[in-house]
Amino acid sequence: MGSSGDGTAVGGAVPLRQSAEQAPSRPPTTSGERENHTVGYRGPTACAAAGITYRQLDYWARTGLVEPSVRPAYGSGTQRLYSFRDVVVLKIVKRLLDTGVSLQNIRTAVRHLRAGGLTDLAQMTLMSDGATVYECTSPDEVVDLLQGGQGVFGIAVGVVWRDVEGALSELHGERLDTGETLVGHNPHDELARRRNRAV
């Protein structure tokens, strides 16, 4: 567990506010937890799955808060493509902003979320009192934080992960190797399914 606010460690944890260069090194992700970069999600799909507006998405990409890791926009006419992890981070950023966490602390949390392996993310809970963000990786750490009177709300990253997974399964993705549109399992989208079959 660590914090991204005043740098005070909670429960002996390393503060999240360290920059990526100063952060303690993590073991490299194993092949089993490498992210699947064969599918990307266009802006409107990422917005729908994360519950944000396109204006927010565009602003966050232009300011470097959450940039697409699959394909950035190269001038007019090119489409940004977001990875699954990017969409999870977008949804978490929205929740942190909605609860009044400062942009500086959100940037730190985003760097931390991007640095960890996929297994780390699925087991992480972010807790905040509105000013400071803490990472908890076990139920005991959450309880310790709450008993210290510091946590006001929590974001279980694994729950956000499953929400995004469910949302994206009903939306369209794009294969990076062929450019083919992958149609989600949305029963209301018969027209898109027919278009995809015709290609």
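Visitor: Which residue in strand 6 is the bridge partner of leucine 126?

Guide: That's isoleucine 155. Keep in mind that this is a predicted model.

Visitor: What makes strand 4 and strand 6 a pair?

Guide: Two strands pair if there are at least two bridges between them. Strand 4 (residues 125–128) and strand 6 have 4 bridges, so they qualify, and they pair in the antiparallel sense.

Visitor: Which way do the side chains of strand 6 point?

Guide: They alternate along residues 153–156. Phe153 and Ile155 point to one face and are buried, while Gly154 and Ala156 point to the other and are not.

Visitor: Why is the pair of phenylalanine 84 and tryptophan 161 called edge-to-face?

Guide: Check two values. Ring centres have to lie within 6.5 Å, and planes over 60 degrees apart count as edge-to-face. Here we have 4.8 Å centre to centre and 75° between the planes, so the name fits. A search of the whole structure finds just this 1 aromatic pair.

Visitor: What does that pair tie together?

Guide: Phenylalanine 84 sits in helix 3 and tryptophan 161 in helix 7, so the pair links parts that are 77 residues apart in sequence.

Visitor: How do you know whether phenylalanine 84 counts as buried or exposed?

Guide: Buried means under 20% relative accessible area. Phenylalanine 84 comes in at 16%, so buried it is. Tryptophan 161, at 15%, counts as buried too.

Visitor: What makes strand 3 and strand 8 edge strands?

Guide: They belong to an open sheet of 4 strands in the order 3-2-7-8, with antiparallel pairing. Strand 3 and strand 8 each pair on one side only.

Note on methods
Residues numbered from 1 in each chain as written. Predicted model: local features only at pLDDT ≥ 70, side-chain atom pairs only at ≥ 80, totals over all residues. Heavy atoms only, no water. Phe/Tyr/Trp six-rings, centres within 6.5 Å; stacked < 30°, edge-to-face > 60°. Helix = DSSP H or I, 4+ residues; strand = E, 2+ residues; numbered from the N terminus. Buried < 20%, exposed > 50% of the residue type's maximum accessible area, 1.4 Å probe, protein only.
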